[in-house]
Number of protein chains: 2
Amino acid sequence: MPKVGIRDVAKLADVSTGTVSRVLNDHPSVTTELRERVRGIIKELGYTPDPSARSMRSKVSRLIGIVIPDLTNPFFAELVQSAEQAAANHGYNIIVMTSFDHAAKEVNRIGQLTSRKVDGIILVPSNDFHTITPPKGVPIVVVDRLMPGYSGIAADHRNGARVGVEYLLKLGHRRIGFISGPKQSVPANDRLRGYLDAMEHVGGNQQIVGSPLIAEAAFDYESGRSAGNYLLARARNERPTAIFTSSDQQAIGCMRAAHDLGIPIPAALSIVGFDGIPLSSMTTPRLTTVKQPIQKIAAAAVAALLNRQPTPGADSPVLFDCELSEGETTSPPQPD
Amino acid sequence: MPKVGIRDVAKLADVSTGTVSRVLNDHPSVTTELRERVRGIIKELGYTPDPSARSMRSKVSRLIGIVIPDLTNPFFAELVQSAEQAAANHGYNIIVMTSFDHAAKEVNRIGQLTSRKVDGIILVPSNDFHTITPPKGVPIVVVDRLMPGYSGIAADHRNGARVGVEYLLKLGHRRIGFISGPKQSVPANDRLRGYLDAMEHVGGNQQIVGSPLIAEAAFDYESGRSAGNYLLARARNERPTAIFTSSDQQAIGCMRAAHDLGIPIPAALSIVGFDGIPLSSMTTPRLTTVKQPIQKIAAAAVAALLNRQPTPGADSPVLFDCELSEGETTSPPQPD
DNA sequence: TTGTACGCGTTATCAA
DNA sequence: TTGATAACGCGTACAA
């Protein structure tokens, strides 16, 4: 059985291939009646246009590439899933690639995507992103970890952190510890600034900066745990009554540290996470966290690529508000 | 600047386009010397072949589609990531799609992939898979949830469950509870059978089947929690001293149930999970679990698609062994 | 509004 | 081993 092509449709409908093509692409200059008939034949024959041939002529692949550091990270997984949804709504599909936070691999992936002539690339850059050479013809939008010179879309990490810390302040906490992300990370620094914003507003930051209320760590569970140990292993009236972390995984690690030290949560220690991954609602007790609007971010990224706006946010990234999700790891502080 | 095509390379190298094409595709019948020269020109001009044109002629897209129920599920996320790695090793890329366990959406996704002329499809079928019509020209390999009539690749769930339960038996447990997966799920039933295999071997199964040692549940956290409550809410000498669950998420939910009932783990209750997702090493205490060889499964799926073996496992699926990962949620039982 | 014919960039066939 | 050239399947000026 030879594959059915546009010619077969044309022949059976007794029209030219041009007309069939115009029907396919919803070109206005086709009689409604004729259009219907051709559509009928198309369905009857089960004809689907060959995407390669199509793409070759139209220079459009209806493919979007997305490069992330690690799909095992629930935040990125949800990002990819949301992007896939958004893309599908526009007839686009997604090619995923993992960079493992390795700059060389990342460059390689972007190169692959470029030569595949995808219509756009969504990139969550690796932490040592500076080595990246921007691809020539393909529009690229950077997500989450903003890079100067590219249009960027992300959550408003700074403001989100501020909101989270202010929530703790409102509960009555004053000695609020902070577990930061790695200092090369752009969003990590934004969150740190948000924490400082909120703390300065209350008490002046001279006791804060460089003080043992701040611990630097990677975003993962284990780092959160050891950072938590560092912050909590002191006399009760010196250790923080609350800790704001830079990721949910850190928060969970920190919960374990507290648990191991015999510090009850939230009675003697409040903890707030960041991200709002599904895992955050699976802990005991359920984690209070600052939730990123992942779906909005993904949808905006896809939209930016498809609209091909003239680099709208090359210097002014688009930020989306985070939202506080109240769990069971926060309560007013106990008196010392 | 007009894009550089194969003709430009040919002209500059003073050869025919045919030769350039042969160099590109590593066709053996080209002088080593000539091959080198052409390669030089290619690099000099920064030429990359147009994948659309290429695919149109060769009927090969170097694209593999993967359809999974839910990328938020860490197991599937790791599966996709592993598949991407394996595919990349062969010069292939991955298009991901989510079916949300919805048969209609699944059919639609498969249709999209088929008309995109991907070279193969990796499918984790939705639970009501029976409505699927097999695509015509595209080879498809079913993973994890095996379907009769398709070549399938999966972990040996039955044997894995048996190994997990035997581990508990060896520790001395006898009243071993089981939280199953949904009964429409193929792997869930396999795990149940593995559990029964091990239990029958020890004590005969008449007290087991249909007894309150088995609880049916979905694979998620919340279901695991309520199933755990069901199994544990009885007198100490009647409730199980160990519970084998069908997923890590169930196990974690079950841990919470035990915690809420004041049952210490592993002192008064041992728990074993299934899957070996990253999350399993992040709990307190760290979960003992039966780990699926996800990378092997993914690599095998990709290989099966690329080798286009003559439907090797249409009736005999390829199974990979699971491995017990010992954590801190298991210990010998306390006397009643 | 519809049909005709050419070209997109590559690979495969066949002849040299 | 290499070169010339015909497809591949579709979109689109241009003509009718």
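Let's start where the two protein chains meet: 50 residues of chain B are in contact with 50 residues of chain A. Keep in mind that this is a predicted model.

**Where the chains meet**

How much area is buried between chain B and chain A? About 4,300 Å², with carbon and sulfur atoms giving 52% of that. Looking at chain B's part of this buried area, three residues stand out: B:Q81, B:R116 and B:M282 supply 16% of what chain B buries against chain A, more than any other three residues.

There is plenty of polar business across the interface too. The rule finds 6 salt bridges between the two chains. Take A:E84 and B:R109, for instance: their side chains meet in a salt bridge, with 3.3 Å from N to O. Polar contacts turn up as well, in 22 residue pairs across the interface, with both residues at pLDDT 80 or more.

Which parts of chain B touch chain A? The elements of chain B that give two or more residues to this side are α4, α5 (74-88), β2 (93-98), α6 (103-115) and α10 (248-260). Sorted by class, this side of chain B has 20 nonpolar, 17 polar and 13 charged residues.

One of those elements, β2 of chain B, does a bit of pairing as well. Strand β2 (residues 93-98) of chain A is joined to β2(B) by 3 bridges, and the two strands run antiparallel. To find the spot in the structure, look for A:V96, whose bridge partner in β2(B) is B:I94.

**Around DNA strand D**

Now for the DNA. Strand D is surrounded by 27 residues, and the closest are A:I6, A:Y47, A:R54, B:T19 and B:R57. Both chains take part here: α1 (6-13), α2 (17-24) and α4 (51-58) of chain A, plus α2 (17-24) and α4 (51-58) of chain B, each supply at least two residues of the surface near this strand. Which element gives the largest share? That would be α4(A), with 4 residues.

The classes come out as 9 nonpolar, 9 polar and 9 charged residues on the surface near strand D. As for the DNA itself, 60% of the strand D atoms within 4 Å of the protein belong to sugar or phosphate, and the rest belong to bases.

**Around DNA strand C**

Strand C has 27 residues around it, of which A:T19, A:R57, B:I6, B:Y47 and B:R57 come nearest. Of the strand C atoms within 4 Å of the protein, 57% are sugar or phosphate atoms and the rest are base atoms. The residues of the surface near strand C divide into 9 nonpolar, 10 polar and 8 charged.

**Some protein–DNA atom pairs**

Here are a few places to zoom in on, covering both strands.

| Residue and its atom | DNA strand and its atom | Distance |
|---|---|---|
| A:D50, polar backbone atom | D, phosphate oxygen | 3.2 Å |
| A:R54, side-chain N or O atom | D, phosphate oxygen | 2.8 Å |
| B:R57, side-chain N or O atom | D, base nitrogen | 3.0 Å |
| B:N25, polar side-chain atom | C, phosphate oxygen | 3.3 Å |
| B:D50, polar backbone atom | C, phosphate oxygen | 3.2 Å |
| B:R57, side-chain N or O atom | C, base oxygen | 2.7 Å |

On the strand C side, the elements that give two or more residues to the nearby surface are α2 and α4 of chain A, together with α1 (6-13), α2 and α4 of chain B.

Conventions:
Residues numbered from 1 in each chain as written. Chains lettered and ligands numbered in written order. Predicted model: local features only at pLDDT ≥ 70, side-chain atom pairs only at ≥ 80, totals over all residues. Heavy atoms only, no water. Near = heavy atom within 4 Å. Polar contact = N/O pair within 3.5 Å; in protein donor to acceptor, adjacent residues only side chain to side chain. Nonpolar A, V, L, I, M, F, W, Y, C, P; charged D, E, K, R; others polar. Contact = heavy atoms within 4.5 Å. Buried area = accessible area lost by both parts, 1.4 Å probe. Salt bridge = Lys/Arg side-chain N within 4 Å of Asp/Glu carboxyl O. Pairing = 2+ DSSP bridges.
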